[in-house]
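Colleague: I have not looked at this one before. Can you put it up and walk me through the ligands and then the empty spaces?
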Amino acid sequence: MGIEDIVKTGVAIVGGGPAGLLLSQRLHLEGVDNVVLECRSREHVLGRVRAGVLEWGSVEVLRDSDVGGRLDIDGHEHDGADIVWGGEHRLTIDTKKYADRPMMAYGQTNITEDLYAARAAMGGIVVDEAERVTLHDIDTHHPSVGYTKNGDSHRIDCVFIAGCDGFHGVSRQSIPRTERREFEKEYPFGWLGILSETPPLPDLIYANSERGFALCSMRNPMLSRYYIQCELDTNLDDWPDERFWEELKLRFPRNIGDAIVTGASIEKSIAPLRSFVSEPMSYGRLFLAGDAAHIVPPTGAKGLNLAISDVFYLSRALVAQIKHGDERYLSSYSDMALRRVWGAARFSWWLTGLLHRFPAQGSFDLRAQQQELSYLASSDAHMRSVCEQYAGLPFEDLT
Ligand code: RFL
Ligand code: PHB
């Protein structure tokens, strides 16, 4: 099949998740033309239930990208999160008090909807159901991206390519294996999550329990999100709603369990936990952002926030290069983004270790885990450090 259609643009963006759409929006606002290629249908992308916790820095980036309208009305500002353990103890990761900034509960599904609406309102080009996406000549001055749609072949000639296509995308794989260093850790458990149209608890609460980790979270006053640690080979069919609610309640102290309002689930899924970082985050004219370059276990609520900070750095760098011929930001993009990525990767790994039950955990490990929670509850110094990281590390500029 011959090439039927060639489009020229400044930045070809592979992936229409939060990273790709936000980059498109920020570039457009700065007058840099771009095209987004998404392999799935709009319905599929908007049907995914994922993150729910935003750092304040992320809220500010979204506002600055003209997509803060609904977030400011429907988002729920809160002071952090609680941790319960040992069936009776409770502490608060009070980011407002210790890090001077609150957190925001606002679903990734809503952010994606807001971004799609903003792109459409501004006439942005987002091609969905783009098949067989391939990257070409990424280490030259004339890169391109090919794809097919409805059986027709297309090519986008561009100045730069942004790989925002998530962990399973093609962008990272297009960097020669010898040019990549990958750091990976798989955890021996997953999270079984449900969404239900029930009022959430007023606080976001993580539980370290002898039955395994659990989490009560929220989306809006009539939408709750709950998770329990599960075996990797868990079958969803074995977890009807009644069994989920019963197990969830058992992992919290009695008074909290009793306060959970149960109801029919509207979504139920299992996510394996993994830590992964691929370095560097750029190769030639290709720049990676979000899950395409790194994955964190959800315990620290960092994945979406990292996607947003990557896009903040990358949009600034592409605009400086394309509009002002200033290459300093683009040449330091990978190093700058990776410093923040490793900060969040380490924190997420640490919090995962603190709150979960591991198969080979002996009595010593369990006592050390309990001791660290008691220490966190009693030490202002430790608490301040944890709050600084949960609230999100600051964004860097060139020195
Ligand atoms: P996405 O969201 O995976 O989007 C990538 C998009 O690229 C498309 N794609 C392709 N398009 C074209 N060609 C190809 N060859 C392509 N291959 C893939 C995909 O269809 C998709 O639309 O990555 P992005 O944009 O980097 O966003 C990252 C976030 O989605 C992710 O980090 C967060 O959801 C992680 N996460 C959380 N992050 C937080 O900051 N706070 C949280 O509270 C939080 N909770 C979570 C989470 C992730 C979870 N799961 C399911 C892993 C809770 C869970 C359970
Ligand atoms: C969520 O609301 O989905 C959520 C909250 C906190 C996390 C992970 C996920 O650490």
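Colleague: How far is an oxygen atom of ligand 1 from an N or O atom in the side chain of Asp291?

Modeller: That distance is 2.7 Å. Keep in mind that this is a predicted model.

Colleague: Which polar backbone atoms come up around ligand 1?

Modeller: Val53 has a polar backbone atom 3.4 Å from an oxygen atom of ligand 1. Gly303 has a backbone N or O atom 3.2 Å from a nitrogen atom of the ligand.

Colleague: And how much of ligand 1 does the protein cover?

Modeller: On its own, ligand 1 has 1000 Å² of accessible area, and the protein covers 87% of that.

Colleague: How many residues are around ligand 1, and which come nearest?

Modeller: There are 31 residues around ligand 1. Those that come nearest are Glu38, Arg48, Gln108, Asp291 and Leu304. Asp291 is the residue with the side-chain contact at 2.7 Å.

Colleague: Which helix gives the most to that shell?

Modeller: α9 does, with three residues. The helix covers residues 303-324, and Gly303, with its backbone contact to a nitrogen atom of ligand 1, is where that range begins. α1, residues 18-29, also supplies at least two residues of the shell.

Colleague: What is the mix of residue types there?

Modeller: The shell around ligand 1 has 15 nonpolar, nine polar and seven charged residues.

Colleague: Switching to ligand 2. Which residues are closest to it?

Modeller: Tyr206, Ser217, Arg219, Tyr227 and Pro298 are the closest, out of 13 residues that surround ligand 2.

Colleague: What are the distances from its oxygen atoms to Ser217, Pro298 and Ala301?

Modeller: For Ser217, an N or O atom of the side chain is 2.6 Å from an oxygen atom of ligand 2. For Pro298, a polar backbone atom is 2.8 Å from an oxygen atom of the ligand. For Ala301, a backbone N or O atom lies 3.5 Å from an oxygen atom of ligand 2.

Colleague: How much of ligand 2 is buried?

Modeller: The protein buries 97% of the 280 Å² that ligand 2 exposes when taken alone.

Colleague: Which strands supply the shell around ligand 2?

Modeller: β14 (214-220) and β15 (223-230) each supply at least two residues. The largest share is from β14, with three residues. By type, the shell around ligand 2 divides into seven nonpolar, three polar and three charged residues.

Colleague: On to the empty spaces. How many cavities of 30 Å³ or more are there?

Modeller: Two. The largest holds about 50 Å³ of space, and the second largest has a volume of about 40 Å³.

Colleague: What lines the largest cavity?

Modeller: Its lining is Glu55, Lys302, Arg340, Gly343, Ala344, Phe347, Gln389, Gly392 and Leu393. Helix α10, residues 328-355, gives the largest share with four residues. The lining has three nonpolar, three polar and three charged residues.

Colleague: And which residues line the second largest cavity?

Modeller: Gly17, Pro18, Val45, Arg48, Gln108, Thr109 and Thr112 line that cavity. Arg48 and Gln108 came up earlier, among the residues nearest to ligand 1.

Colleague: Which helix gives the most to that lining?

Modeller: Helix α6, residues 108-121, with three residues. The lining of the second largest cavity divides into two nonpolar, four polar and one charged residue.

Terms used:
Residues numbered from 1 in each chain as written. Chains lettered and ligands numbered in written order. Predicted model: local features only at pLDDT ≥ 70, side-chain atom pairs only at ≥ 80, totals over all residues. Heavy atoms only, no water. Near = heavy atom within 4 Å. Polar contact = N/O pair within 3.5 Å; in protein donor to acceptor, adjacent residues only side chain to side chain. Areas by Shrake-Rupley, 256 points an atom, 1.4 Å probe, with all protein chains shown as cover. Nonpolar A, V, L, I, M, F, W, Y, C, P; charged D, E, K, R; others polar. 1 Å grid on protein atoms, 1.4 Å probe; cavity = no way out; pocket = protein on both sides within 12 Å on 5 of 7 lines; lining within 4 Å. Points joined across faces, edges and corners; volume = space filled by probe spheres on them.
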